[in-house]
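Student: Could you take me through one part of this model up close? I'd like the ligand surroundings to start with, and then whatever else in the fold is worth a look.

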Amino acid sequence: MDFNSFLMNFNNFYQQEAFSGHQDHFKNAIAKRSDPARHGDLPNWLSILNALPEVSAQNIKLDRDLVLIGERDEINDEQAQAIHAGLLALAPWRKGPFSVFGTEIDTEWRSDWKWQRLIPHIANLEDRTILDVGCGSGYHCWRMLGGGAKYVLGIDPSMRFQIQHRALQKFAGSPKFDLLPLGIEDMPSDLPIFDTVFSMGVLYHRKDPLGHVEELFGLLQAGGEVVLETLIIDSDNVPSGVFTPSGRYAQMRNVWSITTIEKTLELLEQAGFRNARCVDINITSTDEQRQTQWMSFHSLEQFLDPLDHSLTIEGHPAPKRGIFLADKPAV
Ligand SMILES: C[S@@+](CC[C@H](N)C(=O)[O-])C[C@H]1O[C@@H](n2cnc3c(N)ncnc32)[C@H](O)[C@@H]1O
């Protein structure tokens, strides 16, 4: 596959009736994000994708923590080796885990733990049209499909995650899931079609947290639900309700808005949501986010103060996350 055919390869998405009035918008936005000049690794990634064997998974199980795309006994040894080598060459893998024809991708994050924390609280996903903003390579999108979603659109500007998704889709071939290489700011402003919108791990990367919550509001149908997961901070540390680290936070450069629980609820109500509530609070552990064979760079262990894990290496409160739900009023 060359670069141009890669760019064109969102046909399944363009066939979705719901987006038919916005095709030019999406084509332009994707072309801008996919500019080859911005992605020096793209030719290498495309050749890795091309070298993956042409096999379709017979067994796909999405309603379990280890998302299964193909069993080992569906393919021969040569294909198994090629799949293992190809997927490893696309590392680092951040969000998972996945099992792909016998290759277990033990990702940096146990993303299944977040899913377990939120699933008891959210509206049933059966038959819903869903948007996952900042979906990474799509682990939670697969879980949404496993929960019975009608269709899932994931968006994430990272081209590496796009390629990782393409590798998994090459084997799974699900027509109910598309992942576009876009940021939330690239979405049309007049597309209130989703029954559930997830934004997990994105709000604190945004400089205008209210603007982000308003964008989510604008993409939901009346009566829809937002699932907002974000870093939070105790209110006694931050009277304004929004903490902006002056330098890095847990080694991340792009952290702008860590909010208190009260401020997050206020933002949701301010954007127009009703019944805003915090349903889960969790301190991220070094068992949930860690170095693995599939993500060999530094991870949370190295981002915390070695003598005091309640602090980041920069001396800020260590990562704590909240899950918030709210409803867009029915008209
Ligand atoms: C911390 S990760 C969270 C991934 C996943 N949602 C989860 O909860 O495990 C944040 C993701 O947001 C993506 N991201 C960053 N800026 C974004 C934007 N403006 N719009 C959408 N996604 C964005 C990043 O590429 C990254 O994959």
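Tutor: Sure, and keep in mind that this is a predicted model. Around the ligand there are 19 residues, and those that come nearest are Gly134, Gly183, Ile184, Met200 and Gly201. Sort that shell by class and you get eight nonpolar, seven polar and four charged residues.

Now pick out helix α5, which covers residues 77-89. From its first C-alpha to its last, this 13-residue helix reaches 18 Å, close to the 18 Å expected at 1.5 Å a residue. Its buried residues are Ala80, Ile83, Gly86 and Leu87. Look down the axis of α5 and these buried residues fall within an arc of 135°, so they line one face of the helix. The general rule behind such a pattern is that an α-helix has 3.6 residues a turn, so residues three or four places apart point the same way. On the face of α5 turned away from the buried side you'll find the exposed residues Asp77 and Glu78. What do the buried residues of α5 pack against? Their partners are α4 (42-51), β4 (98-100), β5 (103-105) and α8 (159-172).

Follow the chain into the loop between α5 and β3 (95-96) and you'll find Pro92. The peptide bond from Ala91 to Pro92 is cis, with omega near 10°. There is also a cis peptide bond between Gly96 and Pro97, with omega about 15°, and Pro97 sits in the loop between β3 and β4. If you're checking backbone geometry, those bonds deserve a glance, because most peptide bonds are trans.

Two of the strands packed against α5, β4 and β5, belong to an open sheet of four strands. The order there is β1-β2-β4-β5, and the pairing is mixed. At the edges stand β1 (60-61) and β5, each with a single partner strand, so one side of each is left without a neighbour in the sheet. Strand β2 (residues 67-69) pairs with β1 in the antiparallel sense over two bridges, and Ile69 of β2 is the bridge partner of Ile60.

For a parallel pairing, go to strands β8 (residues 151-155) and β9, which are joined by four bridges. Leu153 has Asp178 in β9 as its bridge partner. Strand β9 (residues 177-180) is covered on both faces, with Phe177 and Leu179 buried on one side and Asp178 and Leu180 buried on the other.

Asp178 also gives us a reference point for Thr284. Between the C-alpha atoms of Thr284 and Asp178 there are 29 Å in space, and 106 residues in sequence. Thr284 is in the loop between β14 (274-283) and α11 (300-303). Is Thr284 buried, exposed or partly exposed? Thr284 has 19 other C-beta atoms within 10 Å, so it counts as partly exposed; the buried class begins at 20. Beyond its neighbours within four places in sequence, Thr284 is in contact with Gln289, Leu300, Pro319 and Arg321.

Set that beside Thr259, which is found in strand β13 (residues 258-259). Thr259 is buried, with 25 other C-beta atoms within 10 Å. Leave aside its neighbours within four places in sequence, and Thr259 is in contact with Pro209, Thr230, Ile232, Gly241, Val242, Thr264 and Leu267. Thr259 and Leu203 are 56 residues apart along the chain, with 8.9 Å separating their C-alpha atoms.

Last stop, the backbone torsions. Asp127 has a phi near 65°, a positive value in a residue other than glycine. Its place is the loop between α6 (111-118) and β7 (129-133), where Asp127 is exposed, with 10 other C-beta atoms within 10 Å. Asn275 has a positive phi too, near 60°, and is likewise a residue other than glycine. Asn275 is found in strand β14, and with 11 other C-beta atoms within 10 Å it is exposed. These values are worth noting because most residues other than glycine have a negative phi.

Definitions and conventions. Residues numbered from 1 in each chain as written. Predicted model: local features only at pLDDT ≥ 70, side-chain atom pairs only at ≥ 80, totals over all residues. Near = placed C-beta within 6 Å. Nonpolar A, V, L, I, M, F, W, Y, C, P; charged D, E, K, R; others polar. Expected span 1.5 Å × (residues − 1). Buried ≥ 20, exposed ≤ 12 C-beta atoms within 10 Å, placed from the backbone. Arc of directions from axis to C-beta. Contact = placed C-beta atoms within 7 Å. Pairing = 2+ DSSP bridges.
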